[in-house]
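Here is a short tour for the bench, with the sequence and the model side by side. Take a look at both, then follow the points below.

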Amino acid sequence: MQKDSIYAAPLGEVQDFRFDDQVADVFPDMIQRSVPGYHTIIQTIGKLTAKYQQPDSLYYDLGCSLGAATLAMRRNLTAENCKIISVDNSSAMVERCERHLQSFRSDVPVDVQLADIRHIDISNAAVVVINFTLQFLPKTDRDQLIQQIYNGLKPGGLLILSEKFIHSQTTENELLIDLHHDFKRANGYSELEVSQKRTALENVMQPDTLQQHARRLSQAGFSQQTVWFQCFNFCSMLAIKS
Ligand SMILES: Nc1ncnc2c1ncn2[C@@H]1O[C@H](C[S@+](CC[C@H]([NH3+])C(=O)[O-])CC(=O)[O-])[C@@H](O)[C@H]1O
Ligand SMILES: O=C(O)C(=O)Cc1ccccc1
């Protein structure tokens, strides 16, 4: 695995974060050292897919990157006539994702699409995963995407939504962010790497509060929802369409 040292040296001007070739090459190392609980979340996406699978259905991985969640879903699907649709708008990610998926054997078909998740058709879905991707959409586009997901789910369908979040109270928010930065330093990132990455993400990733997520899910129509994972300012929620 290639080590992420993108922000190790001082950069004169820190550019906005992009999912380009440089990021795609180090992405497994970057996400594992940056997102608390990432492995647990991926494993649990597999378990939840096994529980909520339905025959003759579609399974979506929105913002699939290298396909970690797609692989977890694919390993756990046993129902008849299932297909996974994995979507990302970064060509660097999609190229590597296709290669990565081909290196494991499976009978479950996967359609990897280079597209914007705001402009795809979502229908006949048993499970939709959006793992750390809604946070990169403009805030004004988030309600509509969650509504499209709700509309595209079958009755009994499951949405798994993982996000970095902000706490609505300043003290708690600062504490959670500090604990996350400690986590990154414990995983070998320097103070400079933490600080330059933070600057790079400032304009491109604007997290919501847990309350905003809960309201958005209810307004879309989800009758049941819970946060099933939280570590510091990272969480994963699930919502069920009745
Ligand atoms: N509008 C968009 N349309 C499609 N893709 C997008 C869009 N905006 C961003 N992306 C894509 O969303 C992904 C977000 S990473 C997901 C990790 C993965 N889910 C994982 O479980 O390993 C999360 C992170 O890096 O924090 C990137 O690959 C972007 O290209
Ligand atoms: O690194 C961070 O500080 C994050 O918030 C997580 C992350 C992980 C990978 C790409 C972008 C953001």
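Asp116 counts as exposed, because just 12 other C-beta atoms lie within 10 Å of its own and 12 or fewer is the limit for that class. Asp116 sits in the loop between E3 and E4, and UniProt lists Asp116 under "binding site" in an unreviewed entry. Please keep in mind that this is a predicted model.

**Annotated positions**

- Along with Asp116, the UniProt "binding site" annotation (unreviewed entry) covers Tyr38, Gly63, Cys64, Ser65, Asp88, Asn89, Ile117, Asn131 and Arg198.
- These positions are spread over 161 residues of sequence, and in space they are spread too, with up to 24.7 Å between C-alpha atoms.
- Arg198 belongs to helix H7; with 16 C-beta neighbours inside 10 Å, Arg198 is classed as partly exposed.
- The unreviewed UniProt entry also places the feature "domain: Methyltransferase" at residues 61-157.
- That span, residues 61-157, is 36% helix and 27% strand, and its end C-alpha atoms lie 14 Å apart.

**Around ligand 1**

- Which residues come nearest to ligand 1? They are Phe19, Gly63, Asn89, Ser90 and Asn131, out of 20 residues around this ligand.
- Helix H3 (68-76) and strand E2 (82-88) are the elements that give two or more residues to this shell.
- Sorted by class, the shell around ligand 1 holds 11 nonpolar, 6 polar and 3 charged residues.

**Around ligand 2**

- Ligand 2 is surrounded by Met30, Ile31, Ser34, Val35, Lys164, Lys197 and Leu201.
- At least two residues of this shell come from each of helix H1 (21-34) and helix H7 (191-202).
- H1 provides the largest share of the shell around ligand 2, with 3 residues.
- By class, the shell around ligand 2 comprises 4 nonpolar, 1 polar and 2 charged residues.

**Val23 in helix H1**

- Val23 is another residue to look at in helix H1; it is partly exposed, with 18 other C-beta atoms within 10 Å.
- Apart from its neighbours within four places in sequence, Val23 is in contact with Ile6, Arg18 and Met30.
- Val23 and Met93 are 70 residues apart along the chain, and their C-alpha atoms are separated by 8.8 Å.

**Helix H8 and its two faces**

- Which residues of helix H8 (residues 210-220) are buried? They are His213, Arg216, Leu217 and Ala220.
- These buried residues lie on the same side of H8, because they cover an arc of only 95° around the axis.
- The face of H8 turned away from that buried side carries the exposed residues Gln211 and Gln219.
- The packing partners of the buried residues of H8 are helix H5 (139-152), strand E5 (153-164), strand E6 (224-231) and strand E7 (234-240).
- Right after H8 comes Gly221, with a positive phi near 125°.

**Two asparagines with positive phi**

- Most residues other than glycine have a negative phi.
- Asn81 departs from this pattern, with a positive phi near 55°, and is found in the loop between H3 and E2.
- Is Asn81 buried or exposed? Asn81 counts as exposed, since it has 10 C-beta neighbours inside 10 Å.
- Asn124 also has a positive phi, of about 55°, although it is not a glycine.
- The loop between strand E3 (110-114) and strand E4 (125-131) is where Asn124 is found, and with 14 C-beta neighbours inside 10 Å, Asn124 counts as partly exposed.

**The protein as a whole**

- The secondary structure comprises 8 helices and 7 strands.
- The radius of gyration is 18 Å, which agrees with the value near 18 Å that a compact globule of 242 residues would have.
- Taken along the principal axes, the C-alpha atoms fill a box of roughly 50 × 40 × 30 Å.
- Of the 242 residues, 35% are buried.
- Among contacts with a separation of 6 or more, 77% are between residues 24 or more positions apart.

Technical notes. Residues numbered from 1 in each chain as written. Chains lettered and ligands numbered in written order. Predicted model: local features only at pLDDT ≥ 70, side-chain atom pairs only at ≥ 80, totals over all residues. Buried ≥ 20, exposed ≤ 12 C-beta atoms within 10 Å, placed from the backbone. Helix = DSSP H or I, 4+ residues; strand = E, 2+ residues; numbered from the N terminus. Arc of directions from axis to C-beta. Contact = placed C-beta atoms within 7 Å. Rg over C-alpha atoms; globule rule 2.2 N^0.38 Å. Near = placed C-beta within 6 Å. Nonpolar A, V, L, I, M, F, W, Y, C, P; charged D, E, K, R; others polar. UniProt positions renumbered as here; feature names shortened; annotations may be inferred.
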